[in-house]
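Subject: Structure for your review

Dear colleague,

Please find below the structure that I am handing over to you. I would be grateful if you would read the notes beneath it alongside the coordinates.

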Amino acid sequence: MAIPSLRLGWVGLGSMGNAMAKNIHAYLQSHHDTSLSFYNRTPSRGDALEALGGERCASVSELATRSDVVFISASDDAAVESIVEQIISSGSELTTKIIVDTTTTHPNTTKQMAEKLVAQGAQFAAMPVFGATPVAEQGKLLVAFAGPESVYETIAPFLKGVVAREVLQVGKEPEKAMLLKTTGCVVAVAHQTKRVNVARD
Ligand SMILES: NC(=O)c1ccc[n+]([C@@H]2O[C@H](COP(=O)([O-])OP(=O)(O)OC[C@H]3O[C@@H](n4cnc5c(N)ncnc54)[C@H](OP(=O)(O)O)[C@@H]3O)[C@@H](O)[C@H]2O)c1
């Protein structure tokens with residue numbers, strides 16, 4: 001059940017982040033008359049979301065302070081680690097915060113970030129996604145969620161039918177979602193390779 005006053009924030013407006021953030025923002029506006037806060041390192045990438053009514057933050061720190069739930073979509077492990085460090089050093093009360101990382105990272109990185117955030121009293125979930133940008137724009141990604149059940153219950157209203165066509169819940173340990181994601185990528189590559197080889201034969 002969504003908490004009507006829940007404040008949502010999004011860090012990272014690359015091609016996937018922009019698509020997912022816009023869909024969540026549209027849902028917030030139509031269901032709760034609220035807006036999504038956002039931050040992106042390159043400010044211009046937030047112009048479209050701002051034009052739709054999204055609330056621009058000047059830093060990760062400001063976004064963390066203004067949000068109960070912080071979604072992250074960044075390019076790689078180092079980017080997410082940097083963003084998580086900025087959240088931790090923001091000085092905002094973390095015991096009430098939920099961090100959800102949609103980036104594809106190494107499972108070990110996910111585990112370490114989860115431990116860091118939990119040590120600060122925050123809750124953390126990993127939610128890597130399957131599907132390319134056009135699928136994200138349509139809100140039809142396949143997402144893998146791993147984290148505390150209470151986090152899932154809090155963010156579920158923003159998943160299926162908003163960013164996702166389906167949600168796979170894969171356990172309480174965040175790194176399990178990354179294991180599924182990386183295994184899924186290997187299977188997809190193997191499948192593609194097989195198709196290429198069949199086409200060659
Ligand atoms: N693209 C796909 O089809 C696809 C599909 C499934 C999953 N994924 C995964 O989804 C994630 C995002 O992919 P994407 O295609 O959206 O990537 P992208 O377009 O390259 O966007 C990357 C985002 O990360 C930000 N970023 C990079 N380094 C940063 C740092 N040090 N500090 C703060 N922000 C930083 C970028 O900010 P700037 O704008 O400032 O550069 C940008 O917002 C990746 O983990 C990718 O593997 C992608």
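The notes that follow set out what was found, beginning with the overall make-up and ending with individual residues.

Please bear in mind throughout that this is a predicted model. The protein chain has 201 residues, and 42% of them are buried. Its secondary structure consists of 8 helices and 9 strands. Of the contacts between residues at least 6 apart in sequence, 66% join residues at least 24 apart.

**The six-strand sheet**

One open sheet has 6 strands in the order E3-E2-E1-E4-E5-E6, and its pairing is parallel. Strand E3 (55–56) and strand E6 (123–126) are the edge strands, each pairing on one side only.

Strand E1, residues 8–11, has partners in both E4 and E2. With strand E4 (residues 69–72) E1 runs parallel, joined by 4 bridges; here leucine 8 has valine 69 as its bridge partner. With strand E2 (residues 37–39) the pairing is again parallel, over 3 bridges, and glycine 9 is matched with serine 37. Between E1 and E2 the chain passes through helix H1 (residues 15–32), and this β-α-β crossover is right-handed.

In a regular strand, side chains alternate between the two faces of the sheet. E1 shows two such sets: Leu8 and Trp10 point one way, while Gly9 and Val11 point the other way. All four of these residues are buried.

Tryptophan 10, which sits in strand E1, merits a closer look. It has 30 C-beta neighbours inside 10 Å and therefore counts as buried, the threshold being 20 or more. Leaving aside neighbours within four places in sequence, tryptophan 10 is in contact with Gly17, Ala21, Leu36, Phe38 and Phe71. Its C-alpha atom lies 6.2 Å from that of serine 37, although the two residues are 27 apart in sequence.

**The three-strand sheet**

A second open sheet has 3 strands in the order E7-E8-E9, with mixed pairing. Strand E7 (129–130) and strand E9 (164–169) are at its edges; each has a single partner strand, so one side of each is left without a neighbour in the sheet. E7 pairs with strand E8 (residues 141–145) in the antiparallel sense over 2 bridges. In this pairing, the bridge partner of phenylalanine 130 is leucine 142 in E8.

**The nonpolar core**

In soluble globular proteins, nonpolar side chains tend to be buried together. The largest nonpolar core here has 55 residues, of which Ile24, Val70, Ile99 and Val143 touch the most other members. H1 provides the largest share of this core, with 7 residues. Beyond its neighbours within four places in sequence, valine 143 is in contact with Met127, Val129, Leu159, Val163, Ala164 and Val167.

**The ligand surroundings**

Which residues are closest to the ligand? They are Gly14, Met16, Arg41, Thr42 and Ala79, out of 21 residues that surround the ligand. By class, this shell has 12 polar, 7 nonpolar and 2 charged residues. H1 and helix H4 (77–88) each supply at least two residues of the shell. H1 is also the helix through which the chain crosses from E1 to E2.

**Two further residues**

Is aspartate 33 buried or exposed? With 8 C-beta neighbours inside 10 Å, aspartate 33 counts as exposed, because the limit for that class is 12 or fewer. Aspartate 33 is in the loop between H1 and E2. Although it is not a glycine, aspartate 33 has a positive phi of about 55 degrees.

Lysine 111 is located in helix H5 (residues 107–119). It has 17 C-beta neighbours inside 10 Å and so counts as partly exposed, a class that falls between the two limits already given. Apart from neighbours within four places in sequence, lysine 111 is in contact with Pro174 and Glu175. Lysine 111 and glutamate 175 are 64 residues apart along the chain, and their C-alpha atoms are separated by 5.4 Å.

With kind regards

Terms used:
Residues numbered from 1 in each chain as written. Predicted model: local features only at pLDDT ≥ 70, side-chain atom pairs only at ≥ 80, totals over all residues. Pairing = 2+ DSSP bridges. Right-handed = clockwise from strand over helix to strand, strands pointing away. Contact = placed C-beta atoms within 7 Å. Core = buried A, V, L, I, M, F, W, Y, C linked by C-beta atoms within 7 Å. Near = placed C-beta within 6 Å. Nonpolar A, V, L, I, M, F, W, Y, C, P; charged D, E, K, R; others polar.
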